[in-house]
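User: Could you take a close look at one part of this model and tell me how it sits among its neighbours? Please keep it informal, but give me the cut-offs as you go.

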Amino acid sequence: MAGARVPLWAICMLRVALATVYFQEEFLDGEHWRNRWVQSTNDSRFGHFRLSSGKFYGHKEKDKGLQTTQNGRFYAISARFKPFSNKGKTLVIQYTVKHEQKMDCGGGYIKVFPADVDQKNLNGKSQYYIMFGPDICGFDIKKVHVILHFKNQYHENKKLIRCKVDGFTHLYTLILRPDLSYDVKIDGQSIESGTIEYDWNLTSLKKETSPAESKDWEQTKDSKAQDWEKHFLDASASKQSDWNGELDGDWPAPMLQKPPYQHGLRPEGIGKDIWLHHKMKNTNYLTQYDLSEFENIGAIGLELWQVRSGTIFDNFLITDDEEYADNFGKATWGETKGPEREMDAIQAKEEMKKAREEEEEELLSGKMNGREHYFNRFHRRNEL
């Protein structure tokens, strides 16, 4: 008897049920967002946010997000959620950002904070766990920041990850996994991946080998060499009858063959400088401290500077499930990205048409003014 088939929708629902969503914000309830987000009062000159879908959008309501409103200002705002630890779990951070003002210099990144962050006094000195997202300034800086806080230091990804610089909405995703691998996605496509061990500058965290550790290693090395040679002794050989242990010492059993590896397990003919077993540095810091684990995650926020305002932040998500994040991105940004570009194209055509009409009016007005000027000159001449 064939087994019962499980519907696809049931599998999808099960997947959603297994996912843990720590934070999700789409701003679909109008001005009630002000009950969840706290504007910092640390500095009276901080810029203010408003809820807006911008000048062009894919859906007027679904595309509403937090928009910066004042030029040349710092901004600081955050939302709190139930604290959690991502120890042993995947951590996915995702959101959309739209620089419809064609950003010239300013941040479009987010920060993830410890649960004890002081929201009312949030500022550039507030400790954060993760900083992720685009940063643009002039021709030189057009990058995606991925900064992790570890052992009282901030460590940034060494790779140059280029961000989007146009005026459309883009989906940014950061994935940190328990095996120290990571993935940075833009618009659902992986643009950079690797391991934290190799792609972050962690030199200051490495634990130098102590003299005691070196001594222990030398003893281990000698014992390993002896153990290795035992594997090649002829166990069936018997000691010679005239062998005197007191005079001749320990009896050396004959070897089955010459050991291919000698001197501390180093292959013959390979120099010491490239024998990794001897030259490998101590990497205990990777097993003692997990670089992608944060014990008390409890808030997300925007703490940044913008020369020209107008950026819109939306569709925030923090979860432990990559598939859930992918589906959430498709259901939000994926549904409105096409209509957004269509509306922008229509507006561009209308603006070009209007500009052309205004130019024609100016030319026509100029000709009429020229004729009037000529008529007035001719009339004055006749009067003279």
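Analyst: A polar contact here is a pair of N or O atoms within 3.5 Å; within protein, one atom must be able to donate a hydrogen and the other to accept it, and residues adjacent in sequence count only if both atoms are side-chain atoms. Helices (H or I, at least four residues) and strands (E, at least two) are DSSP runs, numbered from the N terminus. Keep in mind that this is a predicted model, where local features need pLDDT of at least 70, side-chain atom pairs count only at pLDDT 80 or more, and totals for chains, interfaces and linings use all residues. Residues are numbered from 1 along each chain as its sequence is written, and side-chain values use heavy atoms, with hydrogens and water left out.

Let's zoom in on strand E18, which spans residues 311-319. E18 is mostly covered, with nine of its nine residues buried. Buried means under 20% relative accessible area, exposed means over 50%, and partly exposed is in between (1.4 Å probe, protein chains only).

Now for the strands alongside. Two strands count as paired if DSSP finds at least two bridges between them. E6 pairs with E18 in the antiparallel sense over seven bridges, and Ile93 has Ile318 as its bridge partner in E18. Strand E1 (residues 21-25) is also antiparallel to E18, with four bridges; there, Glu25 is matched with Phe316. E4 joins E18 through two bridges, again antiparallel. Along that seam, Leu66 stands opposite Phe313, while Gln67 faces Ile312.

Follow E4 outwards and you get to strand E3 (residues 49-52), which pairs with E4 (residues 65-68) in the antiparallel sense over four bridges. Phe49 sits across from Thr68 in that pairing. As a general reminder, side chains in a regular strand alternate between the two faces of the sheet.

Glu25 is worth a second look, since besides its bridge partner in E18 it belongs to a network of salt bridges with Asp29 and Arg36. A salt bridge is a side-chain nitrogen of Lys or Arg within 4 Å of a carboxyl oxygen of Asp or Glu. The whole structure has 15 of them. Another one is Glu61 with Lys64, whose closest N and O atoms are 3.4 Å apart; Glu61 is partly exposed, at 41% relative accessible area.

Next, the stretch leading into E18. Val307 is in the loop between E17 and E18, and at 33% relative accessibility it counts as partly exposed. Together with Phe74 and Trp305, Val307 makes a nonpolar surface patch of about 250 Å². Patches are built from residues with over 30% relative accessible area and no salt bridge, joining like charges within 9 Å and nonpolar side chains (Val, Leu, Ile, Met, Phe, Trp, Tyr) within 5 Å. Accessible areas come from the Shrake-Rupley method with a 1.4 Å probe, and for residues only the protein chains shown count as cover.

E17 also carries Glu303, whose side chain meets that of Lys111 in a salt bridge (2.7 Å, N to O). Glu303 lies in strand E17 (residues 297-306) and Lys111 in strand E8 (residues 110-114), so this pair ties together parts that are 192 residues apart in sequence. Both ends are tucked away: Glu303 is buried at 9% relative accessibility, and Lys111 is buried at 5%.

On the other side of E18 in sequence, look at helix H7 (residues 322-331), where the buried residues are Tyr324, Ala325, Phe328 and Gly329. Seen down the axis of H7, these fall within an arc of 135°, so they line one face of the helix; the arc is that of the directions from the helix axis to the C-beta atoms. At the start of H7, a side-chain oxygen of Asp321 comes to within 3.0 Å of the backbone nitrogen of Glu323.

What does Ala325 have to do with Gln94? Their C-alpha atoms are separated by 7.3 Å, though the two are 231 residues apart along the chain. Gln94 lies in strand E6 (residues 91-99) and is buried, at 2% relative accessibility. That brings us back to E6, the antiparallel partner of E18 over seven bridges.
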